[in-house]
Structure formats: C-alpha cells, structure tokens
Amino acid sequence: DANVIRLIHSREDFDQQVLVILYDLTESRQFEKIQVDFVNNVSHELKTPVTSIEGFSETLLNGAKNDPKKLDHFLDIIHSESVRLSELIQDILSLSKVRKDTAKTDMVNLRDDIEHILEQQSLAIKKHNLTVKQDYVGNPEVTANKEKINLVFRNLIKNAISYNKENGEIKLEVHHDEIENRIKFIIQDTGLGISEADQGRIFERFYRVDRSRSLETGGTGLGLAIVKETLDTLDGDIRIESNLGLGTKFIVDIPL
Ligand code: ADP
C-alpha cells in the first residue's frame, strides 16, 4: 500500500535519474484506526452506566425517594452501575499502563501473588462453591515485573471463576524453569468452554461472547485484551485449549 510516492528527477548528468521513495503507511493507518475505534468504544461503554446513574438519581430527587421500595431498588442500580464504571476505568488505565515500565523488575513470589488474588476473589469462589487446586513446581520466587505478572494472573483467574459452572473446579499450575529462565502458568476451569470461532476473537478489546454466560455480574470485555497486550510487552505468549461444555485451559509462557 504505497500512499506516498515522491519522484525526484535529476537532469545534471546526461542520463536522467529517477528516485522513487515508497512509504508503506499500512501499519500506521491501522494503528490510527485502532485508536479511533478504541476511543469510540470507550465512550460508548462509559456512557451507558453514566446515563443510568443520571436517570435513576434524577428520578429519586424528583420524589421517588419517598417510596422506600423504589429508593432501595434505584440505589441498588446506581451502586452497581458505579461499580461497573470504576471497573471500566481501572481496566482502561491498566491497558494504557501496560505499555510502560517494560524493563521494571521486582522480586515476586508467584505463590503469594496467586494466594492474594484468590483471597480477593474468595467471596465469588465461596458463592459458587468452586474448588481451587494449586500446584507449584520450582522456586516460586522470580525476578519479574510484578504488576504485569499480577495483571495476567488476576484476569485469567477472574475469568476461570466467572465462566465456570456452580460447584466447578479451577486447576492452577505454575512451573518455574530455572534453567530456561521462564515461567509457565496453566489455568484450567470446568466452565462453558469457548468455540473455535470465538477463540480467535476473545483477545480483542471489548469482545465478549455472551454476557449472560457469566456466573458473576460485571466484566468489561477488556480482561483478555489486558492479558494479551501485557504478555506482548513481556515477549510471552498464551494458548487456549477448550471444549464446549467441558471447560477451558489457558497456557501462558513468560521468559524472565
Ligand atoms: P469479560 O470482561 O467479558 O470477562 P474478557 O476479555 O476477560 O472480558 O473475556 C472476553 C470473553 O471471553 C468473555 O466475555 C467470555 O465470553 C470469554 N471467556 C473468557 N474467559 C473464559 C473462560 N475461562 N471460559 C469461557 N469463556 C471465557
């Protein structure tokens, strides 16, 4: 795709010379398009909860607050829409932060990090009666970008909970290969699975298969985009193995 062609004629010598410079702008045009689409999507996603908060609070102020039933119900909606807004903002900030601090490293204890995430998710784990199995191979202490490793683990664990079934199971495996200096993180759930067609799209920003499939409310459609984009900055990769109706396995590989 040659969008700019510059011709320089030189008539100094007897022979005429022509210099043709071709600039391939495909990639930068694509990047611009992704940016514009992203801003449009973000605006749309933010607008929905804001409109709802505005509408319900106005209705309350206009008198509905005197009806205790309406007061409870509308406050509930305002609260859950505010939670949604703050999750969206958090995820958008994570996406923009992912590109920075690539070289930053800290001492990370992978086991402690995962325990901490499970602790934060313990209400949902209990509520859906999920069993979590963990297996660690090798020294759990590594030198890595702590925040980025946490983003990858946290988003995958949250999904393994949200898209599981009641009384389901989550299996977590962490292998630290000290000779190859890399970690492998495998997370397997017993949920609904992901079709092959969707497997190719779930890492796109804002792509969601079906909101109603989730055990947990919320979700922004950004979780797996954050995982993928974080792994890109770490030269890591992610693979999926999934069977519809049986569950999904994500296999993450990160060089340290
Ligand atoms: P969301 O906020 O919707 O969870 P994600 O980017 O984390 O956004 O995931 C994108 C979509 O991929 C989800 O809407 C869901 O349909 C699907 N998905 C992600 N993880 C799983 C999983 N472990 N099992 C089944 N479906 C999943």
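A polar contact is here a pair of N or O atoms within 3.5 Å; within protein, one atom must be able to donate a hydrogen and the other to accept it, and residues adjacent in sequence count only if both atoms are side-chain atoms. The model is predicted, so local features need pLDDT of at least 70 and side-chain atom pairs count only at pLDDT 80 or more, while totals for chains, interfaces and linings use all residues. Residues are numbered from 1 along each chain as its sequence is written, and side-chain values use heavy atoms, with hydrogens and water left out.

The ligand offers a starting point. An oxygen atom of the ligand lies 3.3 Å from a polar backbone atom of Gly 223, and an oxygen atom is 3.4 Å from a polar backbone atom of Val 209. For Asn 159, the partner is an N or O atom of the side chain, 2.9 Å from a ligand oxygen. The protein covers 97% of the 530 Å² of accessible area that the ligand has on its own (Shrake-Rupley method, 1.4 Å probe). Around the ligand are 18 residues (a heavy atom within 4 Å), of which Tyr 163, Asp 189, Arg 208, Thr 220 and Gly 221 come nearest.

The helices come next; they are DSSP runs of H or I, at least four residues long, numbered from the N terminus. Axes are lines fitted to C-alpha atoms over the stretch in contact, and angles run from 0 to 180 degrees between N-to-C directions. Helix 5 (residues 146-162) packs against helix 7 (residues 223-233) at about 150 degrees, with axes 9 Å apart. The two are therefore roughly antiparallel (angles over 145 degrees), and their crossing is left-handed (the near helix turned anticlockwise from the far one by less than a right angle; clockwise is right-handed).

Helix 5 also meets helix 3 (residues 110-120): their axes come within 10 Å and cross at roughly 40 degrees. This pair is therefore oblique (neither under 35, nor 65 to 115, nor over 145 degrees), and helix 3 passes helix 5 in a right-handed crossing.

Helix 1 (residues 26-61) and helix 2 (residues 68-98) pack at about 160 degrees, their axes 9 Å apart, which makes them roughly antiparallel.
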